[in-house]
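Subject: A structure for you to look at

Hi,

Here's the structure I promised to pass on. Have a look at it first, then read my notes underneath.

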Amino acid sequence: MNPENQIVEIGKRLYNKNLISGYEGNISIRERNTIFITPSGVCKGYLTPEEIIKIDLKGNLIEGNKKPSSETRMHLFIYNQKKDVKAIVHAHPPVATGFACAGLGLSMSLTAETVLMFGSIPLAPYGTPSTDDLPLSLKNFLNYNAILLANHGAVTFAENVEKAYFLMEQVEHYAKITLVANILGTPQTLSCDEIDKLLEMRKKFGIEGGMPEQCIIDGEEKLYRFSKSELVNLIKGIIEELGG
Ligand SMILES: [Zn+2]
């Protein structure tokens with residue numbers, strides 16, 4: 001499948017899985033020095049291959065009739081910093097974005113899958129969308145493959161667009177699990193010893209980057225827990241986000 005058709009397919013999946021709504025979100029693929037990117041102001045669930053825009057790594061237009069994504073700067077920043085990244089997905093998954101709006105990353109190591117896949121999903125500080133603030137807010141987090149954007153959404157990147165999409169799907173899935181664990185009581189995180197075993201497995205699988213936050217500081221645990229008011233605000237935010 002060519003990059004244009006791949007982007008159309010991923011747009012449909014993001015929209016149908018409620019990871020974006022309306023005109024939200026953007027998707028790009030890098031092929032050598034060309035970036036294929038979604039246009040702004042259109043629903044990504046109904047894209048056609050002809051609408052996909054081609055730009056170079058400086059953002060100059062190569063081909064396309066529409067305006068490239070308003071978040072083009074963020075995509076270019078990541079591609080220019082991370083030579084191994086070949087695809088980027090940006091979306092506003094409602095539960096994960098709820099965490100980002102509550103000032104929380106998804107940094108608790110609750111499931112083995114998440115530690116294996118992400119290490120951790122940090123929260124980058126707020127940056128005004130479509131300006132240079134947003135890409136700059138990511139600069140300390142580019143060793144992760146998924147980042148929550150404060151008061152905004154999430155971005156994932158990988159060596160192909162299929163993988164970048166699945167990371168986004170998993171970010172939202174994991175946000176739901178974390179929310180439920182918090183609602184039911186005190187989440188029981190994996191111990192640093194258990195995490196170490198998983199990190200060994202990651203090496204064997206060739207997965208790099210992003211360490212779980214609670215094990216970064218020399219045995220001293222750094223865990224996020226919710227107060228009652230934080231949890232109430234979080235749930236309110238999610239209900240609003242879901243239009244309830
Ligand atoms: Zn956005």
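One term before we start: two residues are in contact if their C-beta atoms, placed from the backbone, lie within 7 Å. Also keep in mind that this is a predicted model.

With that cut-off in hand, go to helices α3 (residues 94–101) and α6 (residues 161–184). Which residues of α3 meet α6? They are Val95, Ala96 and Phe99, and on the α6 side they meet Val171, Glu172, Ala175, Lys176 and Leu179. Sorted by class, this contact has six nonpolar residues, two charged ones and no polar ones. The two helices pack at an angle of about 65°, their axes are 7 Å apart, and the crossing is left-handed.

Is α3 mostly covered or mostly open? Mostly covered: eight of its eight residues are buried. Among them are the three that meet α6, Val95, Ala96 and Phe99, and the list also includes Pro94, Thr97 and Cys101. After α3 comes glycine 103, which has a positive phi, near 75°.

Now for the sheet. It's an open one with eight strands and mixed pairing, and the order is β4-β3-β2-β1-β5-β8-β7-β6. At the edges you'll find β4 (61–63) and β6 (123–124); each has a single partner strand, so one side of each has no neighbour in the sheet. For a pair to trace by eye, try β2 (residues 34–37) and β3 (residues 53–56): they run antiparallel and are joined by four bridges. Threonine 34 sits opposite aspartate 56 of β3 there.

Two helices to look at against the sheet are α1 and α6. Helix α1 (residues 3–16) lies across β1 (26–31), β2 and β5 (87–91), at about 155° to β1. Helix α6 lies across β1, β5, β7 (146–149) and β8 (153–158), at about 145° to β8.

Finally, the core. In soluble globular proteins, nonpolar side chains tend to be buried together. Here the largest nonpolar core has 60 residues, and those touching the most other members are Ile7, Ile147, Leu148, Ala154, Ala164, Met168 and Val171. Helix α6 gives the largest share, nine residues. You've met Val171 already, as one of the α6 residues that α3 touches. What does isoleucine 147 contact, leaving aside its neighbours within four places in sequence? Its contacts are Pro122, Ala124, Leu138, Phe141, Ala154 and Val155.

Cheers

Terms used:
Residues numbered from 1 in each chain as written. Predicted model: local features only at pLDDT ≥ 70, side-chain atom pairs only at ≥ 80, totals over all residues. Axes fitted to C-alpha atoms, helices over the stretch in contact; angles between N-to-C directions. Left-handed = near helix turned anticlockwise from the far one by under 90°. Nonpolar A, V, L, I, M, F, W, Y, C, P; charged D, E, K, R; others polar. Pairing = 2+ DSSP bridges. Core = buried A, V, L, I, M, F, W, Y, C linked by C-beta atoms within 7 Å. Buried ≥ 20, exposed ≤ 12 C-beta atoms within 10 Å, placed from the backbone.
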